[in-house]
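Colleague: I would like to learn how to read the strands and the confidence scores of a model. Please take me through one.

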Amino acid sequence: MTTRPLLLLPLATWLSTGFAPAQSVSGPAPNGPALYQKTCARCHDAGVERTPNRDALKQMSAESIRLALVSGSMAKMGFELTGAEIAAIGEFVTGKTLAAVAAETSSNQALCPAAGAPAGATWDDPFAKPFWNGWGVDLGQHRFQPAAMAQLPADRVPNLKLKWAFAFPGASRAWAQPTVVGGRIFAGSAGRKVYSLDAKTGCTWWAFDADAPVRTAVTIGPLEGGWAAYFGDQHGTAYAVDALTGKLLWKTRTDEHPAAVITGAPTLAAGRLYVPLSSGEEVFGASPKYECCKFRGSLSALDASTGKVIWKSYTIAESPHPVRKNQQGVQLWGPSGAGIWSSPTVDLKKHAVYVTTGDSYSDPAASTSDAFLAFELETGKLLWSRQMTANDAFTVDCISPVKTNCPEAKGPDFDFGSSPMLVDLPGGKRALIAGQKSGMVHAVDPDQQGEVLWQVRAGKGSVLGGVQWGSALDGENVYVAVSDLGFVPQPATGRKAPGPLPSGLNPKAGGGMFAFNMATGKQVWQTPPPGCADRPGCSPAQSAAVTAIPGVVFSGSLDGHLRAYATGSGRIVWDIDTVREYQTVNGVKGNGGSIDGPGPVVVGGMLFTNSGYGTFGGAPGNVLLAFAVE
């Protein structure tokens, strides 16, 4: 899936595979601007659609730039640079020193009273209060919050006002959906920290340092008389930490591939944690010297108490093997890919767990990519698969002029980034419903080997189009937001992209909200995007996941707006522009930007949403915003 961010992977992994940065040497101090022009400008200054532009880079920390060049997705550009040269580039593009974020974080965090102190006596039953736990709020991944939990009547939504803002230090993306349990928020960040905040005030209870950035939603569950917070990082590692103190309980690396990432939130059910795995190898494949590709998506069942792997099942049964050599004589491998980008759906009734998969990375294209898969809950045995797009093998090299590592299949990159929603239909049937980057929404029968029940087109579909991160359903309709992100053609390498916001985005392409009857797929209503007006560098694309409460469905947009739609008509009843600077409760400089990735969560009369997504042309930002009715 090409909606992935910069990957920040541990240095030790790259050292073991031979991608080590050059050793520092004595001599004149490196020239950051010159090094940037030589190494980075041809993409970041030219409006290339899959790279953060200078505005997004400036909002990041110098340490984040350093990690990307040393051990992340930019390691291919950085392994011939010295440590001093890498530091010079990071400090030049961000305007910050390597120590700046650490100082800002330690001096500005607004701690809650008695933060970090044992609080078990005051958190005996956190689920006695309204909550949103994990990605889809329930095991069926419906993304629908019932009235008793939302405590936000539809007629009060227009009265929502900002209550507080929290800024993630040194970040240009706010990309992890918050979890709210027991009056506390749990949220990951691009800066590797997982935060526990007070839902009412935004003060900080604790912050945990993961080994890599954390993009998944957090799931809270009981563990040995207490409560654990479960999540995964962008290095393929799953964690359990004490939900009250942030103390590490266990961590488990679920795959040794250097590009492995956990983006979909692990799902907790009956004492097991089901962890999906995807990767950034599709990006690594852009290098003609890279032996693409050997990663296979997988689903692992971990013992929630210990982190021990009970079973691990690959989405592609066949191990990668040599296939052919590219034009430069580099060995290529396959089959590969079929990562799981979304949170698994657990079916306790049928003892099954369902996932959707991304595209293949190399030839031969797997029959289980771009598909619904069902695994046996106890053993991980593959029960059935239903592919929606065949022969979809793709790497980022396929959009380059040379296409040295592009698979012969040259697929359209029509991943699933949405969890399959498990729903009971009238008449006793059940369905799994999910949207795809092809622009199609599919309903399949989980009790009949994934037999197709209905399919309907919501968007045109493209590499960054169709349905991206997820829909919602309320027992009657499924609510679908469409990305169909478009780009204005940019001149070739060397031209500096115009505009104060990331440019290249087509302000007239993408977006739109749909309601379909969940039993038949028949369209109930459609609401076009309001448009970008005169805002530079804007896109109306609606890539973020959708969230529903009784009577209202919420959808964020790359234009930075969060909108509420009446479920009966599609009429927009509330519209807030989040693109601005904020005074934050933790004292860190904060600003909003594009909304992409996770959707908002609604708990106890409050709405929480991220703002800022400085990738793929989006406007950078770094805030978590809390709204309440005044």
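**Reading sheets and confidence**

Modeller: Start with one pair: E37 and strand E38 (residues 606–611) run antiparallel and share three bridges. In this pair, Val603 lies opposite Met606 of E38. This is a predicted model, where local features need pLDDT of at least 70 and side-chain atom pairs count only at pLDDT 80 or more, while totals for chains, interfaces and linings use all residues. Residues are numbered from 1 along each chain as its sequence is written, and side-chain values use heavy atoms, without hydrogens and water.

Colleague: What holds the strands of a sheet together, and what counts as a pair?

Modeller: Strands of a sheet pair through backbone hydrogen bonds, parallel or antiparallel. Two strands pair if DSSP finds at least two bridges between them; strands are DSSP runs (E, at least two residues), numbered from the N terminus. Here, an open sheet of four antiparallel strands has the order E1-E39-E38-E37. Strand E1 (160–167) and strand E37 (601–603) are at the edges with a single partner strand each, so one side of each has no neighbour in the sheet.

Colleague: Which are the edge strands of the sheet E27-E28-E29-E30?

Modeller: That open sheet is antiparallel too, and its edge strands are E27 (472–473) and E30 (523–527). Strand E29 (residues 513–517) pairs with E30 over four bridges, and Phe516 has Gln523 as its bridge partner in E30.

Colleague: How should I read low pLDDT?

Modeller: pLDDT is the predictor's confidence in each residue, from 0 to 100. Where pLDDT is low, the predicted coordinates should not be read in detail. The chain averages 88, but pLDDT stays under 50 over residues 3–25 and over residues 492–503.

How values were computed. Contact = heavy atoms within 4.5 Å.
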